[in-house]
Amino acid sequence: MNDQSINFIDNSTLTAVKRCPLHAHYRYEMHWSPEDRPIYFDFGTAWHTMQDAVWPAICWDHVSQEEAYQQGCAAFDAKWTELGLDPHPSQAVAEEWAPRTPGIAREMLKNYITVRYDWLRYKITLLAVEQPFVVPLDPDDPTLFYTGRLDKVAEENGEIIAPEHKTTTVYRISGDHFASQWIESFDPNSQVDGYNHGLKMHYREKVKGVLIDGAMVHKKVHDAFRFIPSYRSTHQLEAWRQETLYWARAWLRFIETGFIPRNTNGCVNQYHKTCEYIGTCRQYNRAIHDLEPPRGMKVEKWEPYNLSLLHKAAQEALDE
Ligand code: SF4
């Protein structure tokens with residue numbers, strides 16, 4: 001089977017399709033991306049990179065807390081620099097970014113290691129870091145795959161968990177500072193459901209599920225961390241699979257026919273942010289397939305996964 005006959009779909013694309021198919025068309029078919037990334041996006045990326053250094057350092061290399069901290073900071077600074085940002089910004093720039101600054105990330109990391117060190121070093125076995133997965137979605141179409149990437153996979157007390165690093169600035173003064181609306185946003189949650197599905201398909205009956213590894217990003221509070229168990233039953237996973245298949249088929253049909261409907265309820269999201277494609281959308285009122293990106297946009301493909309590895313994994317699944 002050639003690569004063209006295999007279809008991959010991921011959570012980001014499906015989320016965009018559900019919000020507005022035309023939005024998904026601009027981002028995932030035309031590959032239009034804003035030239036300026038928001039700071040929350042870069043901070044989340046750098047926080048993940050930091051954890052990708054710290055977890056193996058503690059779990060596999062058994063380094064000290066101080067050494068883990070140094071390695072984590074170096075990883076953060078390297079990623080921050082790669083993203084075109086200054087790891088040691090002026091006070092004015094730091095105030096503009098606050099609370100998502102390198103200084104606050106370092107403070108958070110120091111406390112994170114204090115809180116998590118014994119659990120990482122002695123209680124779990126780290127099995128994988130940034131593990132991509134490819135799983136079939138449709139029993140009637142073996143060429144359609146759902147894909148994603150698990151931040152971490154670990155074994156704890158004989159069960160498989162998938163810790164997912166998430167940061168939030170939604171702050172509550174009392175308790176552990178995590179707002180209930182943020183905690184509750186993970187169940188139901190299509191990304192978490194899909195990652196539980198991917199985990200289950202790979203590790204079968206040993207699976208416990210996804211464990212949100214939450215971290216509060218705040219100007220003054222730098223020691224708030226919380227695990228949020230986000231496990232799913234077989235029934236919940238099957239409900240997710242059926243819904244996901246419905247949306248995946250809809251998206252493939254839109255692409256095939258070239259007719260891409262709008263959902264104008266998605267023009268302003270729940271954070272009161274206006275859709276970045278609204279200018280083009282107002283001008284044409286329908287999908288245009290041969291436009292240059294508008295001002296402030298560039299062509300940048302959404303490719304968080306190594307495509308050749310995905311095709312290899314899909315082919316192996318088809319050969320089974
Ligand atoms: S402006 Fe509204 S209708 Fe247009 S692409 Fe964005 S969400 Fe869709």
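## Reading helices, domains and a ligand shell

Modeller: Welcome! This is a predicted model, and a good place to start is a pair of helices: helix H4 (residues 65-82) and helix H6 (residues 102-123) pack at an angle of about 145 degrees, with their axes 10 Å apart.

Biologist: Thanks! What is the handedness of the crossing of H4 and H6?

Modeller: Here the crossing of H4 and H6 is right-handed.

Biologist: And which residues of H4 meet H6?

Modeller: On the H4 side they are Gln65, Ala68, Tyr69, Gly72, Cys73, Phe76, Asp77 and Trp80. Their partners in H6 are Pro102, Ala105, Arg106, Leu109, Lys110, Ile113, Thr114 and Tyr117. Sorted by class, this contact has ten nonpolar, three polar and three charged residues.

Biologist: Let me try one residue. Is Asp118 buried or exposed?

Modeller: The idea is to count neighbours: a residue is called exposed if 12 or fewer other C-beta atoms lie within 10 Å of its own. Asp118 counts as exposed because it has 10 C-beta neighbours inside 10 Å. You will find Asp118 in helix H6.

Biologist: How many Å apart in space are Asp118 and Pro261?

Modeller: From C-alpha to C-alpha, Asp118 and Pro261 are 52 Å apart, and in sequence they are 143 residues apart.

Biologist: Now for the whole chain. Into which domains is the chain divided?

Modeller: Look at the residue ranges. Domain 1 is made of 3-34 + 242-319, while domain 2 covers 39-240. Taken over C-alpha atoms, the centres of domain 1 and domain 2 are separated by 25 Å.

Biologist: How many residues does the contact take from each domain?

Modeller: The contact takes 22 residues from domain 1 and 19 residues from domain 2. On the domain 1 side, the elements giving two or more residues are strand S1 (7-10), helix H1 (11-19), helix H9 (234-257) and helix H11 (307-319). H11 gives the largest share of that side, six residues. By class, the domain 1 side divides into 14 nonpolar, six polar and two charged residues.

Biologist: One last feature, the ligand. Which residues are around the ligand?

Modeller: We can read the shell as a list: Cys20, Leu22, His23, Arg262, Asn263, Thr264, Gly266, Cys267, Cys275, Tyr277, Ile278 and Cys281. Two elements give two or more residues to this shell, helix H2 (21-29) and helix H10 (278-284).

Biologist: How do the residues of that shell divide by class, and what are the numbers?

Modeller: Seven are nonpolar, four are polar and one is charged.

Definitions and conventions: Residues are numbered from 1 along each chain as its sequence is written. This is a predicted model: local features need pLDDT of at least 70, side-chain atom pairs count only at pLDDT 80 or more; totals for chains, interfaces and linings use all residues. Axes are lines fitted to C-alpha atoms, for helices over the stretch in contact, and angles run from 0 to 180 degrees between N-to-C directions. Helices (H or I, at least four residues) and strands (E, at least two) are DSSP runs, numbered from the N terminus. A crossing is left-handed if the near helix is turned anticlockwise from the far one by less than a right angle, and right-handed if clockwise. Two residues are in contact if their C-beta atoms, placed from the backbone, lie within 7 Å. Ala, Val, Leu, Ile, Met, Phe, Trp, Tyr, Cys and Pro count as nonpolar, Asp, Glu, Lys and Arg as charged, and the others, Gly among them, as polar. A residue is buried if 20 or more other C-beta atoms lie within 10 Å of its own, exposed if 12 or fewer, and partly exposed in between; C-beta atoms are placed from the backbone. A residue is near a molecule or strand if its C-beta atom, placed from the backbone, lies within 6 Å of it. Domain bounds come from an automatic or database domain assignment.
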